[in-house]
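Trainee: Got a minute to go through a model with me? I'd like to start with the interface.
Mentor: Sure, put it up.

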2 protein chains.
Amino acid sequence: MPTKIGKYTTRLDTSPSLVSFASVVSKKEGEGPLAPYFDMICDDTSFGEQTWEKAESRMQKDAVSKALQKANLSSSNIDYIFAGDLLNQCISSSYGLRDLGVPFFGLYGACSTMAESLSLASLFVEASLCNTAVAVTSSHFCSAERQFRFPLEYGGSRAPTSQWTVTGSGAAVVGKQVSPPYVKHVCVGTIEDMGIKDINNMGAAMAPAAAATLSRFFEDTVTGPDNYDLVLTGDLGQVGSQLLDELLEREGYTLGKKHNDCGLMIYDRETQDVAAGGSGCGCSASVLCSYICQAIQAGRLRDVLFVATGALMSTTSVQQGESIPGIAHLVHLSSTPHKGGK
Amino acid sequence: MPTKIGKYTTRLDTSPSLVSFASVVSKKEGEGPLAPYFDMICDDTSFGEQTWEKAESRMQKDAVSKALQKANLSSSNIDYIFAGDLLNQCISSSYGLRDLGVPFFGLYGACSTMAESLSLASLFVEASLCNTAVAVTSSHFCSAERQFRFPLEYGGSRAPTSQWTVTGSGAAVVGKQVSPPYVKHVCVGTIEDMGIKDINNMGAAMAPAAAATLSRFFEDTVTGPDNYDLVLTGDLGQVGSQLLDELLEREGYTLGKKHNDCGLMIYDRETQDVAAGGSGCGCSASVLCSYICQAIQAGRLRDVLFVATGALMSTTSVQQGESIPGIAHLVHLSSTPHKGGK
């Protein structure tokens, strides 16, 4: 049974498992330091499709198929799928997953989507609302660039605080407790808006949400950064990560070397020209569903707080002078289940 | 405890309550036949805001505030809020609800969003994942028109199969069983795509999804239209409603006079020039959270199947020649709870 601890955190007493997980990325990500850990690296950023949007749909489809295959499951074994992405009306998810025939919950959490979908899938399994659920999301540099910024052909220059949208997808199958990674806690975020308006500095807009969720989780569970091997944010990048450190320091929590960010891990910032790091729903999804989950599975990492953050603006809201609200959801993954739970 | 019946339907044994509900609409809806049932009718379609998008955010905020007020609750009493809308990146929800400080799940289900959010809120309460959750959505004629179709100033002519986006919002507070309406079943939809490409005929694109969800629900529960007072679709309009009748007839179910559609109820089609009827997330939300829930509360309606449908395309997918996938989620609302449950 799920147990609410404090206002924000739920303890998942049965410790559901990530039964399987898979990641799909493209050329640039395949040239980065995490290359050995991805399931599929497609050098063709179009993934054989005619548009970038269809390429992104294809990545979601491939990530889910690969995850199901690794667990020896078919889509008929899945009770629910929780999916979303960055594109207007979330078309990567709806077109990518329309052939599965699985009951579908569409989500919008911007770059927090992997944590949102994984939270919901884990809570559903924990609460016996289903046996097996899939969480998936994606992003594509080219579809995001032309939707949120400029036509690709324009070749606009980039601010040093800007981030590079990851072309990638990650999918996880959540089921009853069988093997690590186990989901031990979920902490659902609130919308935080500190008034940041610089669209080229999304890390700064999202850092307050990550700080809020982490400090609430530490309070609810009476723990701190020292209790975990890794506090893994989604895509705060260099600027947002520094800000998170400062904000949590004020609350009395020192992250120090316990913190890393998927946006800083997926590319080599020295050689890959990605400014402040990677971003996009597919950034945290592909890093989680490859290197991180493999490390938890193998026991190299024991307790990881996965905190994906999203910036909930649109081009319209920015043009209308609005600030950028952020949100962060937390999933505590572990190599060991709760004691006595089941 | 929730009980899965068949592959698609969950029986909510504790029969959670819609503790309160509220609706906010604008001038045109306030001139329609349901006017006496809405909580707030604002003749100014800008709701005092400077843009249509901000007006839509304002409606969501007002609908939630009104629903909380009617239940004598404050936002601190709410465990989770499930919200979404039609705008790119769902900004009506994120901007409208950012000040609440309530853990937030952002959804995208197009015009199925009220059924999606109500399903999740009800399942969370049923499964003891929380005590109280809010479901809310909205749409605005002006923000939708300029995002999906033409600038308002263009004054494009409308096809007879087209529908009129409702300017409205509906919010429901779901809690433990106290009084009607009770939520007795939830049936989550799959994405259905029959190849419809006519963007001026969304009813036809969504009808197959409604038919699929309804026939699965009837099969899972071993019931038929005769067991209910009303089968209420979201916004199929005139064309989609006829198609739904035909599709279900083929499956052996005759809806006949048991069927009505929020898009056909909210306007007087004889006098209000809305072509095939109303549409938009706010259509089913405002009709459900006013006339329908009031009738269940008063016992005038006993068993209602609320089936909101969504068309999951975007302007980009349509321009790329894609067909329009649809989805429909079902919530069974009743004036009496399950016997023996609690």
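Trainee: How many salt bridges are there across the interface of chain B and chain A?
Mentor: The rule finds seven, taking a side-chain nitrogen of Lys or Arg within 4 Å of a carboxyl oxygen of Asp or Glu. Arg98(A) and Asp193(B) form a salt bridge, at 2.5 Å from N to O. Keep in mind that this is a predicted model, where local features need pLDDT of at least 70, side-chain atom pairs count only at pLDDT 80 or more, and totals for chains, interfaces and linings use all residues. Side-chain values use heavy atoms, without hydrogens and water; residues are numbered from 1 along each chain, and chains are lettered from A in the order written.

Trainee: What classes of residue does chain B put on the side that touches chain A?
Mentor: 31 nonpolar, 18 polar and ten charged. Ala, Val, Leu, Ile, Met, Phe, Trp, Tyr, Cys and Pro count as nonpolar, Asp, Glu, Lys and Arg as charged, the others, Gly among them, as polar.

Trainee: And how many residues are in contact?
Mentor: 59 of chain B with 59 of chain A, contact being heavy atoms within 4.5 Å.

Trainee: What about the area buried between them?
Mentor: About 5000 Å², with 59% from carbon and sulfur atoms. That is accessible area (1.4 Å probe) lost on putting the two parts together, summed over both.
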